[in-house]
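Here is a quick tour of one protein model, written for someone who likes to see the cut-offs. Have the viewer open and follow along.

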Amino acid sequence: MTYVVTDACIRCKYMDCVEVCPVDCFYEGENMLVINPSECIDCGVCEPECPAEAILPDTESGLEQWLELNAKYSAEWPNLTTKKDSPDDADEFKGVDGKFDKYFSAEPGEGD
């Protein structure tokens, strides 16, 4: 099992999860984070920290595409080990449906 970041993170990118991760398995894209499933130790401390409820265990049904996306982009995007400021408009995008099709960017973030 691993945890995955879903589209609820897109344009929110709160980063509270990064602070609590004991193995630094978060990677930063331009407008979302992903978890490296090979590095995640399944501790679950990140899940309750996410204000957008974007982090879920991959054992929940329907998350196959998110496991794939997290694996792909964690290999391409830079590692993030310290919390940064969230986007100024993060709260406006919290809970918005269909964010992947509207806003996803494959561009990397800055990382640490």
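## A buried loop residue to start with

Is M15 buried or exposed? M15 is buried, at a relative accessible area of 3%, where buried means under 20%, exposed over 50% and partly exposed in between, with a 1.4 Å probe and protein chains only. M15 sits in the loop between strand 1 and helix 1; helices (H or I, at least four residues) and strands (E, at least two) are DSSP runs, numbered from the N terminus. Its phi is positive, about 70°, although M15 is not a glycine.

Some ground rules before going on. This is a predicted model, so local features need pLDDT of at least 70 and side-chain atom pairs count only at pLDDT 80 or more, while totals for chains, interfaces and linings use all residues. Residues are numbered from 1 along each chain as its sequence is written, and side-chain values use heavy atoms, with hydrogens and water left out.

## Two cavities

Searching the whole structure turns up two cavities of 30 Å³ or more. A cavity here is a set of points on a 1 Å grid over the protein atoms alone where a 1.4 Å probe fits but cannot get out, and lining residues have an atom within 4 Å of a point. Grid points are joined across faces, edges and corners, and the volume is the space filled by probe spheres set on the points.

The largest cavity comes to about 70 Å³. M15 is in its lining, along with V5, C9, K13, Y14, C17, F26, L33, C50, A52, A54 and I55. That lining splits into eleven nonpolar residues, no polar ones and one charged; Ala, Val, Leu, Ile, Met, Phe, Trp, Tyr, Cys and Pro count as nonpolar, Asp, Glu, Lys and Arg as charged, and the others, Gly among them, as polar. The second largest cavity holds about 50 Å³. Its lining includes Y3, P22, F26, D42 and G44, and by class it has ten nonpolar, one polar and one charged residues.

## K13, a buried lysine

K13 shares its address with the opening residue: the loop between strand 1 and helix 1. K13 is buried too, with a relative accessible area of 7%. Leaving aside neighbours within four places in sequence, K13 is in contact (heavy atoms within 4.5 Å) with E28, G29, E30, N31, M32, L33, S86 and P87.

## Cysteines without bonds

How many disulfides does the structure hold? Zero, taking a disulfide as a pair of cysteine sulfur atoms within 2.5 Å. For C12, the nearest cysteine sulfur is that of C9, 7.0 Å away, and C12 is buried at 0% relative accessible area. C50 is unpaired because its sulfur is 6.2 Å from the closest cysteine sulfur, in C17, too far for a bond. C50 is also buried, at 13%.

## The nonpolar core

Nonpolar side chains in soluble globular proteins tend to be buried together. The largest nonpolar core in this model has 33 residues, and V5, F26, M32, L33, I35 and I55 touch the most other members. Such a core is a set of buried Ala, Val, Leu, Ile, Met, Phe, Trp, Tyr and Cys residues joined through side-chain atoms within 4.5 Å. Strand 1 (3–5), helix 1 (16–20), strand 2 (26–28), strand 3 (33–35), helix 2 (64–74) and helix 3 (90–93) each give two or more residues to this core.

Look at I55 for a sense of the packing. Not counting residues up to four places away in sequence, I55 touches Y3, V4, V5, C17, F26, I35, C46, E47 and C50.

## W77 and some other spots

W77 is in the loop between helix 2 and strand 5 (79–80), and is buried at 4% relative accessible area. Beyond four places in sequence, W77 touches Y27, E28, G29, M32, V34, F104, S105, A106, E107 and P108.

E53 is another residue other than glycine with a positive phi, near 55°. E53 lies in the loop between strand 3 and strand 4 (55–57) and is exposed, at 64%. E64, in helix 2, counts as exposed as well, at 57%. D16, in helix 1, has its C-alpha 5.8 Å from that of E49, 33 residues apart along the chain. D16 touches E49, P51 and K83, not counting residues up to four places away.

Note on methods:
1 Å grid on protein atoms, 1.4 Å probe; cavity = no way out; pocket = protein on both sides within 12 Å on 5 of 7 lines; lining within 4 Å.
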